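Colleague: Got a minute to walk me through this fold? I'd like to go over the sheets and the main pocket.

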Amino acid sequence: MFTGVFGCGPVTAKKWFDKGCRSLEDVEKHFVNSLSREQKIGIEYYSDLNTPVRQKEAELIRQIVCDEAVRILPETTVTITGGFSRGKEYGHDVDLLISHPEEGKEADLLHKLLNKLKSLNLLLYTSTKENNYSESMYSTTEPRKGHMDHYARCFSVFKLSKSAVAAAVSDINDVNSENKKNSLDNISKAKQGTEKDISDNALCLNEPIGEQSIRDQPIREQSIRDQPIREQSIRDQQIREQSIRDQPINKSDTTITSSSNCFFARRVDLIFVPASQYPFALLGWTGSRMFIRSIRDYSRKEKNMILTSHGLYDKTTNKLLTAKDEREIFQHLCLEYREPGERNC
């Protein structure tokens, strides 16, 4: 339970447990004067922050951030990364890459955007880090340490309106309902078409249908009748799985919850990226973690290059290689391009 508190690592969780704490209320009672700002937020919004974020919620947050960023700096782009960009329906948080086509324009955006989001009462918590990237890192750091990125960023807890989420989910349900109706209509038409084909074939042959054909016809018709049943079974299974995922994490022995609020608390990371480094940041933040570890190991061992979320450094020529998109990074490494959905490993 304690390691699920935002801002609480294994060491702190063990300290709380060793002091006799067995619930979040115990922690508040015994450590009231020593809790960090992150931990106070983590305890107050424990349920929200431990509930998986849905893809539609991530898109709503992206749109809100993008709208405000574009008002401050036109042409700003805001891109969802992480598991959502690889096709995942649920995630632990939302990672957004923020950039601008003109190099350096994004540099002043971090604090302006945060001030605007705060004025709209959309942020419960923020912690910022300034950009400290330097090209010298490729020659002065260990390969593994060089993989850490140095972008300006903000770790935040975002307030997402429950009514906005409900409206978005309602739209999805309406679309799914229409798709279901269309699917059933198509199945019905296919059934009618198949039955007509069987009848027409019998007439066109101008001879009795073979005994084997007669035996096969009920089987084909049964298959047609069973098709909607099989599809319904698949849909029922998907609904059951989603229902399980949507259930809040059990907070036994605690009563702290944000259910009375009109918003969901969601963890959101904002990463501000220069245009020239954007393809490398996109690759690194898209993941998966194992995929990125593998491609970076390959770069170092097989190509004598250092791949980071900032760039690709060729140790043979002592030069940084440029790329206009992810595909060009793969080309530099002589690798076949993999779509984000193919990087789940």
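What follows is a short chat about the sheets and the pocket of this predicted model.

Colleague: Let's start with the five-stranded sheet. Which strands stand at its edges?

Modeller: The sheet is open, with mixed pairing, and its order reads S2-S4-S7-S6-S5. An edge strand has a single partner, so one side of it is left without a neighbour in the sheet. That description fits S2 (77–80) and S5 (123–129).

Colleague: And how much does that sheet twist, on average, from one strand to the next?

Modeller: We're still on the open sheet with the order S2-S4-S7-S6-S5. Going from one strand to the next, the average twist comes to 25 degrees.

Colleague: Zoom in on S4 and S7 for me. Which residue in S7 is the bridge partner of Asp95?

Modeller: S4 covers residues 94–99 and S7 covers 263–273. The two run parallel and are joined by six bridges. For Asp95, the bridge partner in S7 is Asp269.

Colleague: Something helical sits on that sheet too. What angle does the direction of H10 make with that of S4?

Modeller: H10 spans residues 278–286 and packs on the sheet. Its contacts there are S2, S4, S6 (152–161) and S7. Against the direction of S4, the direction of H10 makes about 175 degrees.

Colleague: Now the largest pocket. Which element gives the largest share of its lining?

Modeller: That pocket has a volume of about 960 Å³. Of its 30 lining residues, the closest to the centre are Asp95, Gly284, Trp285, Gly287 and Arg289. Elements giving two or more residues to the lining are S3 (90–91), S4, S6, S7, H10 and H11 (289–302). The largest share, four residues, comes from H11.

Colleague: What about its chemistry: how many of the lining residues are charged?

Modeller: Split the lining of the largest pocket by residue class. Seven residues are nonpolar and eleven are polar. The charged ones number twelve.

Colleague: Last stop, the three-stranded sheet. Why is one side of S8 left without a neighbour in the sheet?

Modeller: This open sheet is antiparallel, in the order S8-S9-S10. S8 (305–307) stands at an edge, as does S10 (319–321). One side of S8 is free of a neighbour because S8 has a single partner strand.

Colleague: And which residue in S9 is the bridge partner of Leu307?

Modeller: S8 pairs with S9 (residues 312–314) in the antiparallel sense, over three bridges. In S9, Leu307 has as its bridge partner Leu312.

Conventions. Residues are numbered from 1 along each chain as its sequence is written. This is a predicted model: local features need pLDDT of at least 70, side-chain atom pairs count only at pLDDT 80 or more; totals for chains, interfaces and linings use all residues. Side-chain values use heavy atoms; hydrogens and water are left out. Two strands pair if DSSP finds at least two bridges between them. Axes are lines fitted to C-alpha atoms, for helices over the stretch in contact, and angles run from 0 to 180 degrees between N-to-C directions. Contact means heavy atoms within 4.5 Å. On a 1 Å grid over the protein atoms alone, a cavity is a set of points where a 1.4 Å probe fits but cannot get out, and a pocket is an open set with protein on both sides within 12 Å along at least five of seven lines; lining residues have an atom within 4 Å of a point. Grid points are joined across faces, edges and corners, and a volume is the space filled by probe spheres set on the points. Ala, Val, Leu, Ile, Met, Phe, Trp, Tyr, Cys and Pro count as nonpolar, Asp, Glu, Lys and Arg as charged, and the others, Gly among them, as polar.
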